[in-house]
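Walk through this model from its crosslink to its cores and then to its charged pairs. Keep the chain in view as you read.

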Amino acid sequence: MQSPETDGLNFQDATYYQTSYGECDTTGRGGVTAQVKYLEPTPDEDNDPQDAPQNLTKFIRGSVVKLLNSFTDSTYIEAEKRAGTHIEEAFEAFASTYRDFKNDFPESTGCWAIEVEGDTVMTTPKVVVYRLDQYSFTGGAHPNTHTGYYIFDRQNGRPRQLTTFIRDTTQLLQKAEVAFRKHERLPARASLQEYGYFLPGNQFFLPANIAFTHEGVVLLYNPYEIAAYARGPIEFTIPYSEVEGIIRREQIF
């Protein structure tokens, strides 16, 4: 994984791979696997503020730990405090939870797996846009997937709020619905609910994940957010030319 748009911020590949009780695969055998691959910022004493790489790295690693902990028995996290903050210990606690499950239900088949992949989307002198793709399977009808977009301050690495970049969410919502219908090839006045989309109160809504690239505003609906799991994620980009006056581009570039 290498992103060409780093704007002077240095990154390096970071990986973590661990198995326990056998490797998790698609054959139905048991086992636990965690596979993590991401771009991690590296400090540059000459050109880079030290806070930015440290805070970005803390967030990325913390997201991996949070995912592992979401499937872990809390007693293991309480017993080993580092399991709440460090990937290695978080995996051991995750594997111990799997072991307990197999002891309680020895006839159960299948395995548990966690996969995380992180990469930069865009880096400018003002922001770092980062993407995290997460996959988890701990039994059930299908695995779960989730993609998250995160925007950080380029100088200190701290998260930036979307309200910083959006002047008018109502206008953006209107633009988003038009772009959504175009992306999904739906008639302009068709009922989205009749086409199977999830709309509380039959009202269109902005997704939880909004980000920015050099081309425009990215909107991503994760599985179950607006459509069934089988539909998969729905992602599209609105060019900046279509959101003039709505997006504060001076805060991004």
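**Crosslink, charged pairs and cores**

The count of disulfides comes to 1. The model is predicted, and the values that follow are computed from it. Cys24 and Cys111 make the disulfide, with their sulfur atoms 2.0 Å apart. The link of Cys24 and Cys111 is right-handed, with 55 degrees about the S-S bond. The pair joins distant parts of the chain, 87 residues apart. Cys24 sits in the loop between strand E1 (11-20) and strand E2 (32-41). Cys111 sits in the loop between helix H3 (87-104) and strand E3 (112-123).

Are these two cysteines buried or exposed? Cys24 has a relative accessible area of 16%, so Cys24 is buried. Buried means under 20%. Cys111 has a relative accessible area of 3%, so Cys111 is buried too.

Turn next to the nonpolar interior. The largest nonpolar core holds 34 residues. Which of them touch the most other members? They are Phe180, Phe212, Ile226 and Ile247. Several elements each supply at least two residues of this core. The strands are E4 (127-137), E5 (144-153), E6 (209-212), E7 (216-221) and E8 (234-239). Helix H4 (169-184) is also on that list. E7 gives the most to this core, with 5 residues.

Phe212 is a good residue to centre the view on. Leaving out residues up to four places away in sequence, Phe212 touches Val121, Met122, Val129, Ile151, Leu162, Phe165, Val217, Tyr240, Ile247 and Ile252. One of these contacts, Ile247, is named with Phe212 among the core residues that touch the most other members. Apart from this core lies another, of 28 residues. Its members include Val32, Ile60, Leu132 and Phe152.

Now follow the charges. Side chains of opposite charge can pair when their charged atoms come close. How many salt bridges does a search of the whole structure find? The search finds 9.

Start with Arg61 and Glu40. Their side chains meet in a salt bridge, at 2.9 Å from N to O. This pair links distant parts of the chain, 21 residues apart. Arg61 belongs to helix H1 (residues 51-69), and Glu40 to strand E2. The two ends of the bridge fall into separate accessibility classes. Arg61 has 38% relative accessibility, so Arg61 counts as partly exposed. Glu40 has 8%, so Glu40 counts as buried.

Arg99 offers another pair. Arg99 forms a salt bridge with Asp100, and the closest N and O atoms are 3.3 Å apart. Arg99 is partly exposed, with a relative accessible area of 31%. Asp100 counts as partly exposed as well, at 24% relative accessibility.

Finish at Glu235 and Arg131. They form a salt bridge, the closest N and O atoms being 3.4 Å apart. Again the pair links distant parts of the chain, here 104 residues apart. Glu235 lies in strand E8 and Arg131 in strand E4. Both of these strands supply at least two residues to the largest nonpolar core. Glu235 counts as partly exposed, at 29% relative accessibility. Arg131 counts as partly exposed, at 24%.

Which residues are linked in a network of salt bridges? Arg131 and Glu235 are linked in one with Asp133.

Terms used. Residues are numbered from 1 along each chain as its sequence is written. This is a predicted model: local features need pLDDT of at least 70, side-chain atom pairs count only at pLDDT 80 or more; totals for chains, interfaces and linings use all residues. Side-chain values use heavy atoms; hydrogens and water are left out. A nonpolar core is a set of buried Ala, Val, Leu, Ile, Met, Phe, Trp, Tyr and Cys residues joined through side-chain atoms within 4.5 Å. Buried means under 20% relative accessible area, exposed over 50%, partly exposed in between (1.4 Å probe, protein chains only). Helices (H or I, at least four residues) and strands (E, at least two) are DSSP runs, numbered from the N terminus. Contact means heavy atoms within 4.5 Å. A disulfide is a pair of cysteine sulfur atoms within 2.5 Å. A salt bridge is a side-chain nitrogen of Lys or Arg within 4 Å of a carboxyl oxygen of Asp or Glu.
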